[in-house]
Amino acid sequence: MFSSKTDLHATPQDFFNELNSEFTFETDVCALPENHKCSIFFTPEMDGLAQDWRGVCWMNPPYGRTIGEWVRKAYESSLNGATVVGLLPARTDTKWFHEYCYGKAELRFVKGRLKFGDATNSAPFPSVVVIWRPVTQSEKEAA
């Protein structure tokens with residue numbers, strides 16, 4: 001069993017830059033003042049889960065017990081017109097993955113293991129980039 005001192009994992013800058021060149025992110029919905037990736041960002045004090053996510057959003061949420069809430073918010077925000085790109089642990093056996101990712105978003109599994117923040121070692125888990133795109137009215141009706 002792997003454990004961690006924190007459930008916050010700072011996005012590797014090069015990894016983010018590559019995705020940002022594709023998506024041109026406007027808002028980092030889950031950031032700390034010292035590691036935000038966009039000029040518009042929500043800190044824990046601002047409670048990103050309580051904010052309205054619009055436009056093109058970047059999400060690297062806490063990987064602890066609340067991760068399902070963040071994933072649900074990303075999915076629901078896509079239903080309301082946002083594009084949300086999330087960096088998540090590839091936990092394909094979880095309820096949140098099956099309810100809000102699988103069949104509801106584009107999945108890009110990351111080859112190898114990422115090094116988060118200033119970590120010396122790679123993460124003890126695989127990662128996946130999940131892309132929730134805006135849902136059209138006909139797609140909403142079919143769901």
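In the predicted model, the side chains of strand 6 are divided between two directions, with Ser-127, Val-129 and Ile-131 pointing one way and Val-128, Val-130 and Trp-132 pointing the other, and all of these residues are buried. Because six of the six residues of strand 6 are buried, the strand is largely enclosed by the rest of the structure.

Ser-127, which is found in strand 6, illustrates this enclosure at the level of a single residue. Ser-127 counts as buried because its relative accessibility is 3%, where the cut-off for a buried residue is under 20%. Leaving aside residues up to four places away in sequence, Ser-127 touches Leu-87, Leu-88, Pro-89 and Ala-90, as well as Phe-109, Val-110, Leu-114 and Phe-116. One of these contacts, Phe-109, lies 18 residues from Ser-127 along the chain, and the C-alpha atoms of the two residues are separated by 6.3 Å.

The sheet to which strand 6 belongs is open and consists of six strands in the order 2-1-3-4-6-5, with mixed pairing. Its edges are formed by strand 2 (residues 40-41) and strand 5 (residues 106-109), each of which pairs on one side only. Strand 6 (residues 127-132) runs antiparallel to strand 5, to which it is joined by four bridges; strand 6 also pairs with strand 4 in the antiparallel sense, over six bridges. Within the pairing of strands 4 and 6, Leu-88 has Val-128 of strand 6 as its bridge partner. On the side of strand 5, the bridge partner of Glu-106 in strand 6 is Ile-131, while that of Arg-108 is Val-129. Helix 2 (residues 67-79) packs on the sheet, where it touches strand 3 (residues 56-59), strand 4 (residues 83-89) and strand 6, and the direction of helix 2 makes about 155° with that of strand 4.

Side chains of opposite charge can pair when their charged atoms come close. A search of the whole structure finds six salt bridges. One of them involves two residues already described as bridge partners of strand 6, since Arg-108 forms a salt bridge with Glu-106 in which the closest N and O atoms are 2.7 Å apart. Both residues are partly exposed, Arg-108 because its relative accessibility is 25% and Glu-106 because its relative accessible area is 30%. Beyond this pair, a network of salt bridges links Glu-106 and Arg-108 with Glu-22 and Arg-133.

Another salt bridge is formed by the side chains of Glu-99 and Lys-95, at an N to O distance of 4.0 Å. Because Glu-99 and Lys-95 are four residues apart in helix 3 (residues 95-100), about one helical turn separates them. Glu-99 counts as partly exposed at 34% relative accessibility, whereas Lys-95 counts as exposed at 62%. The side chains of Arg-54 and Asp-52 likewise meet in a salt bridge, with an N to O distance of 2.4 Å. In that pair, Arg-54 is exposed, with a relative accessible area of 61%, and Asp-52 counts as partly exposed at 48% relative accessibility.

Backbone conformation in the loops was also examined. Most residues other than glycine have a negative phi. Thr-24, which lies in the loop between helix 1 (residues 13-23) and strand 1 (residues 27-28), nevertheless has a positive phi, near 55°. Its relative accessibility of 54% places Thr-24 among residues that count as exposed. A positive phi near 55° is likewise found at Asp-47, a residue of the loop between strand 2 and strand 3, and Asp-47 counts as partly exposed at 35% relative accessibility.

The loop between strand 2 and strand 3 also contains Thr-43. In contrast to the partly exposed Asp-47, Thr-43 is buried, with a relative accessible area of 9%. The contacts of Thr-43, not counting residues up to four places away in sequence, are with Ala-31, Pro-33 and Gly-48.

Methods. Residues are numbered from 1 along each chain as its sequence is written. This is a predicted model: local features need pLDDT of at least 70, side-chain atom pairs count only at pLDDT 80 or more; totals for chains, interfaces and linings use all residues. Side-chain values use heavy atoms; hydrogens and water are left out. Two strands pair if DSSP finds at least two bridges between them. Contact means heavy atoms within 4.5 Å. Axes are lines fitted to C-alpha atoms, for helices over the stretch in contact, and angles run from 0 to 180 degrees between N-to-C directions. Buried means under 20% relative accessible area, exposed over 50%, partly exposed in between (1.4 Å probe, protein chains only).
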